Amino acid sequence: LEPPSGDELPTRGYATGRTEYEPLLDHQPSKPIPISPSSTRLQTLEAFVPWNGQEFSNTRVLVTVQGKCTTDHISAAGKWLKYKGHLENLARNTLIGAANAALDGQVNTVRNAISGLEPSVGSIPDVAMSYKQAGVPWLVIADYNYGEGSAREHAAMQPRFLGCNMVIARSFARIHETNLKKQGVLPLVFARPDEDYFIFAKDPHELVVSTHGVVGLNENTPTVQVTVERVQNGKVVETHNIECVHTMSADQIGWFKAGSALNLIASQQKAAH
């Protein structure tokens, strides 16, 4: 039998195609793109607030994620894809697939840490939004390989939009870890993942987290100390000092300080002109 053969290139050349180009809009960067304020699918993307130059403090634990948590658990697809251009609406699905280690693996249910805020017990995005509206920073505690799956950036943008400043995990999926860095969220890994993760598995809504080492963060000093206080009835009843590590490069630290990679690029372009 002879192997099949064929022309490596079209014998009559390629079709010419359209040689002209007509822009759809006479858009200039200085002019805003018109978006209807009533649109549910499109929304102007506002720049995230830059890091304030201080250590993180009074940060509440929104959820301690148990087991596998893919990007689809963090930012579900399906019917939600129509909101990809509207971050506020898309954020309503944030972590709705995550299992809560403190509630025997119950999915998309957390306790609200702040007395008087509603809901006292509710979905993860609802409680996250209540923290955002009250100006309360929060973080996620995650299990192994957090963020595995697709490379969707909304899985990092949505928590950032809702007020997340850190994710501390037993380990990260590499692409999602980088996406968190791009959005100005600090990803940290437990230095002792098989011990320290479980501190957060019991009543994480009682825990208040602060950092030591975010100020002066650099690629040659990979450790960040985290202090965890358990507060009951307004009193600290338990304190833990935990060592975490980061993988931030100098460029990525620049993203973090600017509030996001896009913020840094915009400031660089502005300075160039």
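Buried means under 20% relative accessible area, exposed means over 50%, and partly exposed is in between, using a 1.4 Å probe and protein chains only. By that yardstick, 43% of the 273 residues in the protein chain are buried.

This is a predicted model, where local features need pLDDT of at least 70, side-chain atom pairs count only at pLDDT 80 or more, and totals for chains, interfaces and linings use all residues. Residues are numbered from 1 along each chain as its sequence is written, and side-chain values use heavy atoms, leaving out hydrogens and water.

The protein chain has eight helices and 11 strands; these are DSSP runs (helices are H or I, at least four residues; strands are E, at least two), numbered from the N terminus. Along the principal axes, its C-alpha atoms fill a box of roughly 80 × 60 × 40 Å.

Now take a look at helix α3, residues 124-134. Its buried residues are Ile124, Pro125, Val127, Ala128, Ser130 and Tyr131. What covers them? The cover for the buried residues of α3 includes β1 (59-64), β4 (110-111), β5 (121-122), β6 (138-142) and α4 (154-162), judged by contact (heavy atoms within 4.5 Å). Right after α3 comes glycine 135, with a positive phi near 75 degrees.

Two residues have a positive phi although neither is a glycine:

| Residue | Phi | Loop |
|---|---|---|
| Asparagine 145 | about 55 degrees | between β6 and α4 |
| Aspartate 203 | about 45 degrees | between α6 (193-196) and β9 (207-212) |

Asparagine 145 counts as partly exposed because its relative accessibility is 31%. Aspartate 203, at 22%, also counts as partly exposed.

One more loop to check: the peptide bond from glutamate 118 to proline 119 is cis, with omega near -5 degrees. Proline 119 sits in the loop between β4 and β5.
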